[in-house]
Amino acid sequence: MSHATDSIAVTASPRPRTRALALACLLALASPWAMAQGNDTPGFGLNYWLRSYKGCEALTDANWPAARQAVAADLDLMKSLGADVLRLSLYMETSGYPAGVGSSIDPDYCKHLPDLLSTIENAGFKTVIVFSNTYLLRHQAGTYDNWQDPSLGYHAQSNGYWQFVMHSKAWIDRMVGLAGDRDSILYYDIQNEYDADRANIDYYFRTIYSESAIPAGKRGISILDVPADISSANWHSIPKQLEVLGGTLSHVEFHSYPTVPKAGCPLHGDIESVYDQMRAAFPASTKIVLGEFGRATTQAFDPAPDAGPYLPQCNTSEQPDRRWDEPRQRQTELDLIGRAAAKGIPYYLHWMLWDNTPKSDDFNPANPNHQVYGYGYGPHAPKDVIGALAERRGRVPNADFEQLAQIGQLPQRWDKGSWGPANSAPPVSLFVSGGPNSGEAATGDHYARLQAQQACAACVIWMQADAFDIGPGRRVHMNAYLRSNLAGVQMKLVQYDAQWNVLATSVAPAMTASGWSWNNYAVRFREQNPASASASWSVTTVPGAARAIVTIGGTPITAPAILDVDAVSVAAD
């Protein structure tokens with residue numbers, strides 16, 4: 001879904017084409033010989049659901065229109081960070097399919113699952129669908145499994161477990177039926193984090209494997225503990241169950257949480273060794289996937305003196321790991337992503353885009369057992385890792401404005417410009433702002449500020465990054481975090497051929513920032529442009545394209561006119 005135009009369309013103007021051509025010419029004359037190279041290697045992805053997970057309640061007739069807009073914005077952000085795969089977790093209790101003898105389904109729940117999957121597919125993602133049946137888990141009191149809760153009625157039946165498994169199968173079959181036959185679905189995880197120690201879990205796996213509607217070529221499973229759950233000496237292990245079934249799986253996952261903010265031990269921090277053990281336990285036709293990884297973060301900076309990205313050993317006290325700050329999360333995430341790519345793991349997926357997904361009713365940020373693994377506290381409040389990923393995986397150079405940053409100086413590999421009718425363009429300055437411990441930047445320590453000292457309702461001011469190489473037929477995704485008092489702020493992609501001739505200027509929808517705070521561009525422009533709200537926004541490069549420049553700008557309607565920019569994420573399929 002590319003969106004191309006030959007008009008800047010920043011503000012109302014009697015000569016939008018003239019303004020567009022003026023800007024295109026200025027950009028063409030920039031001649032940025034230092035070319036940026038992207039590092040958006042395939043395989044990176046995220047576990048995803050809308051913030052404050054409410055399951056299929058978001059996919060009802062009443063809630064889907066608003067949910068679709070939020071999903072589209074999230075997809076743009078994740079795509080701009082170079083993500084290719086999303087992992088969607090479904091829970092029986094939030095799918096309109098409550099457990100219990102004689103329970104009935106709510107047909108409106110998950111009704112728009114096909115629309116969700118189409119939106120994701122159209123944005124260019126592959127999908128993993130996960131069945132996370134929490135009724136298989138131990139009850140919080142520890143005396144019985146959740147399916148045995150007296151209120152459900154199964155415990156009183158001689159064949160109660162079989163009834164529960166059949167109800168689970170019916171839930172899975174309905175979800176598979178709603179998902180439909182899609183090439184974009186890589187596989188279905190039969191049960192999230194299969195734990196061979198759980199009673200009767202082997203029977204559950206064999207039944208769902210052999211009797212459910214999950215297609216034979218798309219059966220998968222995620223493993224909780226390596227090596228226990230893949231050991232040939234453990235009859236309840238997955239390889240042993242496959243031996244009984246005479247079957248195979250298309251994908252098998254392991255998960256990695258190298259440091260856990262609670263009393264416990266890090267999980268699978270040695271991803272290379274775990275991958276090798278998994279690889280040896282399954283046939284070559286089965287792909288081994290890092291289905292979840294992450295690190296909890298609840299604050300921008302933790303002054304605790306202990307250093308290092310991971311816990312050195314198991315945490316046996318009741319006190320949580322204090323090291324919850326954004327720099328340590330950033331370090332851990334970049335480390336795991338880099339190592340997974342270097343190892344050749346085909347897919348590696350971070351656990352959740354936003355905090356509180358899922359969200360506990362009694363959420364307390366100080367409680368280490370809650371979901372605070374996200375890349376952002378909320379859509380307009382990113383954590384440092386988003387800027388780091390924009391820099392590490394993106395096409396735009398110095399995307400986070402941290403390279404050799406000097407306060408008050410021009411940011412490395414960025415430049416500025418302005419245009420106005422009859423030579424009325426206002427002078428502009430572009431410089432690095434923020435600084436360590438200032439708390440001003442959206443991510444990291446620094447951001448860029450574009451500033452004009454005079455207002456001009458017919459003028460445009462902008463900043464632009466050095467060019468990056470790009471070929472024809474590539475789908476480019478862009479986002480940024482912006483704070484501004486300009487009108488009609490937009491991101492644009494200017495495409496050139498090998499001789500620096502302008503081929504196309506593609507303009508994203510305009511937005512006006514809300515208050516003096518950071519704005520997620522993909523979210524804000526959808527709020528103000530209903531026609532662009534429900535689908536992912538991208539640009540497909542034209543025939544002959546060899547390189548491109550990203551610009552960000554708007555109209556200086558007040559003085560001083562200010563545009564603050566951070567975490568400019570640009571990636572290409």
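Leaving aside neighbours within four places in sequence, alanine 425 is in contact with Ser418, Trp419, Gly420 and Cys459 in this predicted model. This alanine belongs to the loop that joins β11 (414-419) to β12 (428-434). Is alanine 425 buried, partly exposed or exposed? Its relative accessibility is 30%, and because buried means under 20% and exposed means over 50%, alanine 425 counts as partly exposed. A further residue to locate is cysteine 456, which is 31 residues away from alanine 425 in sequence, with 8.0 Å between the two C-alpha atoms.

From this loop the reader may turn to the interior. The largest nonpolar core has 138 residues, and those with the most contacts inside it are Phe131, Tyr375, Ile552 and Val568. Helix α4 (residues 160-179) supplies the largest share of this core, namely eight residues. Where does this core lie with respect to domain 1 and domain 2? Domain 1 (43-301 + 320-379) and domain 2 (430-572) both give residues to the core, so it lies between them.

Isoleucine 552 shows the surroundings of one core residue in detail. Apart from neighbours within four places in sequence, isoleucine 552 has contacts that include Ile461, Trp462, Met463, Ala480 and Leu482. Val489, Gln490, Met491, Leu563, Val565 and Val568 are also in contact with isoleucine 552. There is also a second, separate core of eight residues, among them Val85, Val130, Leu186 and Val289.

The strands offer another route through the model. Strand β1 (residues 44-47) pairs in the parallel sense with strand β8 (residues 348-350), over three bridges. In this pairing, phenylalanine 44 has tyrosine 348 of β8 as its bridge partner. Strand β1 also pairs in the parallel sense with strand β2 (residues 85-90), again over three bridges, and here asparagine 47 stands opposite arginine 87 of β2. How does the chain cross from β1 to β2? The path runs through helix α2 (residues 64-80), and this β-α-β crossover is right-handed.

Finally, the confidence of the prediction must be considered. The protein chain has an average pLDDT of 88, and 86% of the residues score at least 70. Over residues 1-34, however, pLDDT stays under 50, and the model has 72 contacts beyond four places in sequence for this stretch. Residues 361-366 also have a pLDDT below 50, with eight contacts in the model beyond near neighbours in sequence. Where pLDDT is low, the predicted coordinates should not be read in detail.

Conventions. Residues are numbered from 1 along each chain as its sequence is written. This is a predicted model: local features need pLDDT of at least 70, side-chain atom pairs count only at pLDDT 80 or more; totals for chains, interfaces and linings use all residues. Side-chain values use heavy atoms; hydrogens and water are left out. A nonpolar core is a set of buried Ala, Val, Leu, Ile, Met, Phe, Trp, Tyr and Cys residues joined through side-chain atoms within 4.5 Å. Buried means under 20% relative accessible area, exposed over 50%, partly exposed in between (1.4 Å probe, protein chains only). Helices (H or I, at least four residues) and strands (E, at least two) are DSSP runs, numbered from the N terminus. Domain bounds come from an automatic or database domain assignment. Contact means heavy atoms within 4.5 Å. Two strands pair if DSSP finds at least two bridges between them. A crossover is right-handed if, with the strands pointing away from the viewer, the path from the first strand over the helix to the second runs clockwise. pLDDT is the predictor's confidence in each residue, from 0 to 100.
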